[in-house]
Amino acid sequence: METSVTPRIRRPRPKVVTLSEAAALRVKEIMDRAEKPYAGLRVGVKNGGCAGQEYVLEYAEAAAPMDEVVEDQGVTILIDPKAVLFLIGTQIDYEVSRLSSRFVFRNPNETDACGCGESVTIVPASAS
């Protein structure tokens, strides 16, 4: 008797992180001017700052074996697996004002931020 296994069709998962149009354009500009080609933009969270955590943006030379890889608006985003639960649902934007320009994280998991805006408190996303 031969048994046949039907592969289970999975529904597409939502992207952990998305980019606004302004952020995608700025990342592309930065990557185009980089001193060498990179695999993408690495996004993460690290402990630090007065509120406890800081966002990290850096060039990624290659994807690590367990990285979450997100393609959004022509940009490859590599997310450290330890940061995924902290970043679910986050949109990265790029804002320009008269005195500064910066990437801004709109994170639904953020519960607090320090006064200077450099560090945040983030709770991991729950299963619900």
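Start by selecting Asp-72, which counts as buried at a relative accessibility of 8%, because anything under 20% falls in that class. Keep in mind throughout that this is a predicted model.

Now add Lys-15 to the selection, and look at how the side chains of Asp-72 and Lys-15 meet in a salt bridge, with 3.0 Å from N to O. This pair links distant parts of the chain, since Asp-72 sits in strand β4 (residues 68-72) while Lys-15 belongs to the segment before β1 (17-19), 57 residues apart. Unlike the buried Asp-72, Lys-15 is partly exposed, with a relative accessible area of 40%. The salt bridge between Asp-72 and Lys-15 is one of 7 that the structure holds.

Move next to helix α1 and select Arg-26 and Glu-29, which form a salt bridge whose closest N and O atoms are 3.1 Å apart. Because these two residues are 3 apart in helix α1, about one helical turn separates them. Glu-29 is partly exposed, its relative accessible area being 43%.

For another salt bridge, select Arg-106 together with Glu-95, where the closest N and O atoms are 2.8 Å apart. Here too the pair links distant parts of the chain, with Arg-106 in strand β7 and Glu-95 in strand β6 (residues 90-96), 11 residues apart. Both are partly exposed, Arg-106 with a relative accessible area of 37% and Glu-95 with 31%. If you then add Asp-93 to the selection, you will have the three residues Asp-93, Glu-95 and Arg-106, which are linked in a network of salt bridges.

Turn now to the aromatic rings, of which the structure holds 3 pairs. Select Tyr-38 and Tyr-59, whose ring centres lie 4.3 Å apart and whose planes meet at 15°, so the pair is stacked. Tyr-38 is found in the loop between α1 (21-32) and β2 (40-47), whereas Tyr-59 is in strand β3 (residues 53-60), so that the pair links distant parts of the chain, 21 residues apart. Tyr-59 counts as partly exposed, at 34% relative accessibility.

Stay with strand β3 for the last stop and select Tyr-55 with Phe-105, an aromatic pair that is also stacked, at 3.9 Å centre to centre and with 0° between the planes. Tyr-55 lies in strand β3 and Phe-105 in strand β7 (residues 101-106), so this pair ties together parts that are 50 residues apart in sequence. Are these two residues, Tyr-55 and Phe-105, buried or exposed? Tyr-55 is buried, and Phe-105 is buried as well.

Terms used. Residues numbered from 1 in each chain as written. Predicted model: local features only at pLDDT ≥ 70, side-chain atom pairs only at ≥ 80, totals over all residues. Heavy atoms only, no water. Phe/Tyr/Trp six-rings, centres within 6.5 Å; stacked < 30°, edge-to-face > 60°. Helix = DSSP H or I, 4+ residues; strand = E, 2+ residues; numbered from the N terminus. Buried < 20%, exposed > 50% of the residue type's maximum accessible area, 1.4 Å probe, protein only. Salt bridge = Lys/Arg side-chain N within 4 Å of Asp/Glu carboxyl O.
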